[in-house]
Amino acid sequence: VWQSGPGFEDVGWHELFDNDYPLLDASVLDEAAAAGFPLASRWIRTPELDKPRQIRRAIRDVGFVNDEGWHDLDWLLRKRGAKIRGCKKLNAAACRELRPAPAIASEVDAFVTEHFREPTIGVHIRRGADAMKGPYRADFATSTDDAFEQAIRKSIAAHSDARFFLATDCEATHDRFMAQFGDRIVSRPKPYVETEFLGPIGEVTHAACDLFLLSRTTRIIGNSGSTFSKQAARVGGIEMVRAEEV
């Protein structure tokens, strides 16, 4: 597990999660470079590795240090026509093992006991500036408010007693859906912070609570382009479907 970088809330791993994983910092990259291992962020992009078979052989024979996020590395390799066999399964297994820190677990359990009824469907709507104003905006933009509304109404048509847990980083979006669906939707109280692309993120503790609450739902209606929806589904071992404009 990498320690948090600049721009994140000053919260340690063990304040969020109860898994006793080794914590790494930038010195690992320096040690790897000194040992001759290339960094994935630069090495996989080199023109010398121009065929998927060459990339896979080089990974097997040389090795590399992944200084990218898992999602970025997977995307980068697939864009080159290659993939690392088994890593996706390993990532999914690691997510299933993720446990909240005691304080977060207590808050999540209390919220579920008070508000969740069967079936409670998770709804994750991503609207932060790094999503909607950054270079990956097109990936997020297909999950419009209308697409989420249609997905919620479709779920209600299938289960007349369905309830929903809403997790979003946008106060206006929160207010819109609470007004539209009333008592059917519950949401955990939290501050909403305006963010800029590549700017400080903060509020990581609230995000962790939302992640584990989403994982306790029956299934998740998620945001296109967001790994948060997908990770929550992996933690809970539940289905995630994207709300997308057709």
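**Exercise 1. The surroundings of helix H10**

Task: In this predicted model, determine which residues of H10 are buried and which strands and helix their side of H10 packs against.

Solution: Begin with the partners, since the buried residues of H10 pack against strand S1 (120–125), strand S2 (163–168), helix H11 (171–181), strand S4 (220–223) and strand S5 (240–243). Next, identify the residues themselves: Asp-145, Ala-147, Phe-148, Glu-149, Ala-151, Ile-152, Ser-155 and Ile-156 of H10 are buried, a list in which the charged Asp-145 and Glu-149 stand beside nonpolar residues such as Phe-148 and Ile-152. Finally, consider the geometry of the helix, which covers residues 145–158, has 14 residues and reaches 20 Å from its first C-alpha to its last, close to the 20 Å expected at 1.5 Å a residue.

**Exercise 2. The chain as a whole**

Task: State how many helices and strands the protein chain has, and what percentage of its residues count as buried.

Solution: A count of the elements gives 13 helices and 5 strands in the protein chain. Turning to accessibility, 39% of the 246 residues count as buried. As a last step, take the contacts between residues at least 6 apart in sequence, of which 65% join residues at least 24 apart.

**Exercise 3. Helix H12 and its two helix partners**

Task: Describe how H12 crosses H7 and how H12 crosses H13, and give the residues of each contact.

Solution: Start with H7 (residues 102–115) and H12 (residues 204–215), whose axes come within 10 Å and cross at roughly 50°. An angle between 35 and 65 degrees falls outside the parallel and perpendicular ranges, and therefore H7 is oblique to H12. The crossing of these two helices is right-handed. On the H7 side the contact is made by Ile-104, Glu-107, Val-108, Phe-111 and Val-112, while H12 contributes Thr-205, Ala-208, Cys-209, Phe-212 and Leu-213. Sorted by class, this contact has 8 nonpolar, 1 polar and 1 charged residues.

Continue with H12 and H13, whose axes come within 7 Å and cross at roughly 55°, which makes H12 oblique to H13. This crossing, too, is right-handed. From H12 the contact takes Ala-207, Asp-210, Leu-211, Phe-212, Leu-214 and Ser-215, and from H13 it takes Phe-228, Gln-231, Ala-232, Val-235 and Gly-236. By class, the residues of the contact of H12 with H13 divide into 7 nonpolar, 3 polar and 1 charged. Comparing the two lists, Phe-212 of H12 appears in the contact with H7 and also in the contact with H13.

**Exercise 4. The packing of H6 on H13, and the place of Arg-234**

Task: Classify the angle between H6 and H13, then work out whether Arg-234 is buried or exposed and which residues it is in contact with.

Solution: Helix H6 (residues 87–97) and helix H13 (residues 227–236) pack at an angle of about 70°, with their axes 7 Å apart. Because angles of 65 to 115 degrees count as roughly perpendicular, the two helices are roughly perpendicular to each other. H6 passes H13 in a right-handed crossing. The contact is made by Lys-88, Asn-91, Ala-92, Cys-95 and Arg-96 of H6 together with Gln-231, Arg-234 and Val-235 of H13, and by class it has 3 nonpolar, 2 polar and 3 charged residues.

Now single out Arg-234, which is found in helix H13. With a relative accessible area of 17%, Arg-234 is buried, because the cut-off is under 20%. Leaving aside neighbours within four places in sequence, Arg-234 is in contact with Lys-88, Asn-91, Ala-92, Cys-95 and Arg-96. The C-alpha atoms of Arg-234 and Cys-95 are separated by 5.8 Å, although the two residues are 139 apart along the chain.

At the start of H6, Cys-87 counts as partly exposed at 24% relative accessibility, and its C-alpha atom is separated by 8.9 Å from that of Asp-74, 13 residues apart along the chain.

**Exercise 5. Two loop residues**

Task: Say where Ser-226 is found and which residues it touches, and which residues a cis peptide bond joins.

Solution: Ser-226 is found in the loop between S4 and H13, and at 6% relative accessibility it counts as buried. Not counting residues up to four places away in sequence, Ser-226 touches His-124, Arg-126 and Phe-140. For the second part, look to the loop between H7 and S1, the place of Pro-119: a cis peptide bond joins Glu-118 and Pro-119, with omega about -5°.

Terms used:
Residues are numbered from 1 along each chain as its sequence is written. This is a predicted model: local features need pLDDT of at least 70, side-chain atom pairs count only at pLDDT 80 or more; totals for chains, interfaces and linings use all residues. Side-chain values use heavy atoms; hydrogens and water are left out. Axes are lines fitted to C-alpha atoms, for helices over the stretch in contact, and angles run from 0 to 180 degrees between N-to-C directions. Helices (H or I, at least four residues) and strands (E, at least two) are DSSP runs, numbered from the N terminus. Angles under 35 degrees count as roughly parallel, over 145 as roughly antiparallel, 65 to 115 as roughly perpendicular and the rest as oblique. A crossing is left-handed if the near helix is turned anticlockwise from the far one by less than a right angle, and right-handed if clockwise. Contact means heavy atoms within 4.5 Å. Ala, Val, Leu, Ile, Met, Phe, Trp, Tyr, Cys and Pro count as nonpolar, Asp, Glu, Lys and Arg as charged, and the others, Gly among them, as polar. The expected span of a helix is 1.5 Å times one less than its number of residues. Buried means under 20% relative accessible area, exposed over 50%, partly exposed in between (1.4 Å probe, protein chains only).
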